[in-house]
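Me: Please take a close look at the surroundings of the ligand. Put the rest in only as context, and state each cut-off.

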Amino acid sequence: MHVIVLGAGLAGVTSAWYLRQAGFAVTVVDRQPAAGLETSFANGGQISVSHPEPWANPGAPGQILHWLGREDAPLLFRPRADWHQWAWGLQFLVECLPGRTRRNTLAIVRLALHSRDCLNTLLSETGIEFDRLRKGILHLFFSPREFSDAGRRAALLREFGMRAEVPDARACLDIEPALAYCGDTLQGGLYAPEDETGDALAFTQKLAECCARAGVVFRHGLGITALEAGPDGVTGITAMGGDGSPARIAADAYLLALGSFSATLARPLGERLPIYPVKGYSVTLPLAADAQAPSVSITDESHRIVCSRLGNRLRIAGTAELTGFDAGINRARCEAILRRAGQLFPRLQTAGAPEFWAGLRPATPSNVPVIGRGRLRNLYFNTGHGTLGWTLACGSGQAIADIIGGNKPAVEFPFRNL
Ligand SMILES: Cc1cc2nc3c(=O)[nH]c(=O)nc-3n(C[C@H](O)[C@H](O)[C@H](O)COP(=O)(O)OP(=O)(O)OC[C@H]3O[C@@H](n4cnc5c(N)ncnc54)[C@H](O)[C@@H]3O)c2cc1C
């Protein structure tokens, strides 16, 4: 059986790997010249099982109102004349209800734990290197109110068998000495020593090479314009090469992994995917030899940014902007991230200019990805991973390969139409 995977980001490439391992003939189609060049390009690098709570939680509406109109706000809603944006926003508010938040958190934590196991197995099989660092993630709280919730969050992680500690401010500095000068407003942290970090782009591109060696065909430089369907399901995809030449490719099954663009291409088939782009930024700093940079990954909960050491670079990423499909870089938001990094690590020594980047998270209102079947017989989805596409990549890829192969996935999760 031949499967076309639409999209060569983290979701598409991991799916291609597991499909090929399961014996399928696989073709991956992407408009970029190589894998991982859109949202999977320069993310925060965290494989963060310890952060399953979605943005949509009971505290979110108040925070968003508080930040409204601030150009450097961690979460920024820019209203547009776009019905899909408003529908997404309304559903986001529904997902902020306590019962929804708990349900969504449980779905994400289960998939994240499964994904970590899948990643470990995949790495033992492929030996891929991607600046992996297994030193845990330390979540920092600078407001007493936020820190007061750390104990509850740690207890939830322990319920799932994860190690989680709630260090006070002094103990946070023992865990990551590079925080020594971050100021005296630090209240404490939540430390998940089993979490890890790594360069998602290096992983995606090296896994794509493994896929190609295993027989997966990559067709890069093809912009998919439509999925064609008949009474018996999807019959093919139409695409356009960079030189304007049209192409049509057909297979037995089709897996949509187009990130933020998944909903637009699925819509003409009558499929409503609740995915809308939520823009985020990252700043990558080359480090000097004696950089005084952290090696434990940091999540600054009060400012919604994460820092990850990727070899001799420090990646600082975060913030969220609901502003449509514009992936342009807003300098004010990058400067805000850089400023915050300077406050956390005032003695950091860099070895060159910062690199700014923006990407569109394919976000569902609940942050629970869409994995499963479409209404059409041979259409499948692995998309909508929002803030956690790197954390959830391997587990999602394996699950969708199981589903396409007619097997029950090894994880309990609200799979679509299953
Ligand atoms: C600032 C930021 C920080 C983040 N930090 C983290 C983190 O620390 N940990 C974590 O787990 N996650 C993080 N994420 C989320 C994670 O990066 C994403 O969830 C993930 O990259 C999404 O992968 P994807 O494969 O679904 O999408 P993409 O990587 O965007 O892949 C989709 C692919 O589809 C292709 N495509 C789209 N439309 C077409 C078309 N019409 N024709 C052909 N090809 C097309 C694109 O070229 C692209 O290659 C972060 C995201 C951002 C923006």
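Reply: To start away from the ligand, alanine 202 is found in helix H8, residues 200-213; helices (H or I, at least four residues) and strands (E, at least two) are DSSP runs, numbered from the N terminus. This is a predicted model, in which local features need pLDDT of at least 70 and side-chain atom pairs count only at pLDDT 80 or more, while totals for chains, interfaces and linings use all residues. Residues are numbered from 1 along each chain as its sequence is written, and side-chain values use heavy atoms, with hydrogens and water left out.

Leaving aside residues up to four places away in sequence, alanine 202 touches Glu129 and Phe130 (contact means heavy atoms within 4.5 Å). From alanine 202 to arginine 347 the C-alpha to C-alpha distance is 28 Å, with their positions 145 residues apart in sequence.

Now the ligand. There are 36 residues around the ligand, and Asp30, Ser40, Gln46, Ile224 and Thr391 come nearest (a residue is near if one of its heavy atoms lies within 4 Å). By class, this shell has 14 nonpolar, 18 polar and 4 charged residues; Ala, Val, Leu, Ile, Met, Phe, Trp, Tyr, Cys and Pro count as nonpolar, Asp, Glu, Lys and Arg as charged, and the others, Gly among them, as polar. Helix H1 (10-21) and the strands S9 (222-230), S13 (276-286) and S17 (355-363) each supply at least two residues of the shell. S17 gives the most, with 4 residues.

Polar contacts (pairs of N or O atoms within 3.5 Å; within protein, one must be able to donate a hydrogen and the other to accept it, and residues adjacent in sequence count only if both atoms are side-chain atoms) include three that involve oxygen of the ligand. An N or O atom in the side chain of serine 40 is 2.5 Å from a ligand oxygen. For a polar side-chain atom of asparagine 43, the distance to a ligand oxygen is 3.0 Å. Glycine 389 takes part through a polar backbone atom, 3.1 Å from an oxygen atom of the ligand. On its own the ligand has 1000 Å² of accessible area, and the protein covers 97% of that (Shrake-Rupley method, 1.4 Å probe; for residues, only the protein chains shown count as cover).
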